[in-house]
Amino acid sequence: MKKTRSKPVEAIPEIEGYTIEQRTIGMLKANIVALVVLVVLLLAGLFVMYAIHAEAFSSLPIGAVALFLLFFTVGVVVHELIHGLTWMLATHSGFSHLRFGVMAGGVYCHIDVPMTKRKYVAGALMPLLLLGIIPFVVSFFAGSFILMLLGATLTACAMGDVMIVWAIRKEQPDTLVYDHPTEGGCVVYRPVSKA
């Protein structure tokens, strides 16, 4: 019988003069937070949309559910690409430093380059801004029920990213951070104190 080899799990790189502290989040907790945020945004969005654009409910296009599912699926993939592209630009690294995959039922993007907290946070939150918050807000001006639903859903999908950023909120902006290769979260590098 032929043995199959699994790809070795990427080790967390060590940097001389630094100790490592892992900051990870539980995926179950992240999914619960995402669900709560989704319900709150949908209720608020429906209320505001109905108050401003009641006609948006009666003028939904045929196939609205299919259209939403298509945009949502594309949005999830683009979400991870935005993480990767933002981190690539911030670290001046190439596409070969990115890895995409599936973890705990969700897709992820990992970059194997340590960076400052400021750069890490920018890459972590960029999909929330571009695919979640902006479409959600714009939907009320455009009177688009589908855009509101999409913005709310993709905002909720970014709650794991928000939780990771929250876990490192007290770190200095120039602290070195490395995206965790196997779990939701990151690794913080702390300088070894010289006694």
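In the predicted model, the side chains of Arg23 and Glu171 form a salt bridge, with an N to O distance of 2.7 Å. Arg23 belongs to strand 1, whereas Glu171 sits in the loop between helix 6 (159-167) and strand 5 (176-179), so the pair ties together parts that are 148 residues apart in sequence. Glu171 is buried, because its relative accessibility of 10% falls under the 20% limit. Arg23 is also buried, with a relative accessible area of 16%.

Arg23 has a further partner. Its side chain meets that of Glu21 in a salt bridge of 2.8 Å, N to O. Glu21 counts as partly exposed, at 29% relative accessibility. The Arg23–Glu21 pair therefore joins a buried residue to a partly exposed one.

Glu21 in turn pairs with Arg190. The N to O distance in this salt bridge is 2.9 Å. The Arg190–Glu21 pair links distant parts of the chain: Arg190 is in strand 6 (residues 185-191), Glu21 is in strand 1 (residues 18-24), and 169 residues separate them. Arg190 is partly exposed, with a relative accessibility of 29%.

Together, Glu21, Arg23, Glu171 and Arg190 are linked in a network of salt bridges. Side chains of opposite charge can pair when their charged atoms come close. Within the network, Glu21 meets Arg23 and Arg190, while Arg23 also meets Glu171. Across the whole structure, the search finds 4 salt bridges.

The charge count covers the full chain. There are 14 positive and 12 negative side chains. The centres of the two sets lie 4 Å apart.

The fold around these pairs is mixed. The protein chain contains 6 helices and 6 strands. Read from the N terminus, the order of elements is β-α-α-α-β-β-β-α-α-α-β-β. Strand 1, which holds Glu21, spans residues 18-24, and strand 6, which holds Arg190, spans residues 185-191.

Contacts across the sequence were also counted. Among contacts between residues at least 6 apart in sequence, 72% join residues at least 24 apart. The C-alpha atoms fill a box of roughly 65 × 55 × 30 Å along the principal axes. Of the 195 residues, 39% are buried. The chain exposes about 11600 Å². Carbon and sulfur atoms supply 69% of that area.

Part of the surface is a nonpolar patch of about 610 Å². The patch is made by Leu129, Leu130, Ile133, Ile134, Val137, Val138 and Phe141. One of these residues, Val137, is found in helix 4, which covers residues 117-142. Val137 is partly exposed, with a relative accessible area of 41%. Val137 can join the patch because its 41% is over the 30% cut-off for patch residues.

Helix 5 follows, at residues 145-157, and includes Leu149. Leu149 touches Leu42 and Phe68, with residues up to four places away in sequence left out of the count. Leu149 and Pro135 are 14 residues apart in sequence. Their C-alpha atoms are 9.2 Å apart in space.

Terms used
Residues numbered from 1 in each chain as written. Predicted model: local features only at pLDDT ≥ 70, side-chain atom pairs only at ≥ 80, totals over all residues. Heavy atoms only, no water. Helix = DSSP H or I, 4+ residues; strand = E, 2+ residues; numbered from the N terminus. Buried < 20%, exposed > 50% of the residue type's maximum accessible area, 1.4 Å probe, protein only. Contact = heavy atoms within 4.5 Å. Areas by Shrake-Rupley, 256 points an atom, 1.4 Å probe, with all protein chains shown as cover. Lys, Arg positive; Asp, Glu negative; His and termini not counted. Charge placed at Lys NZ, Arg CZ, Asp CG, Glu CD. Patch = residues over 30% accessible without salt bridge, like charges linked within 9 Å, V, L, I, M, F, W, Y side chains within 5 Å.
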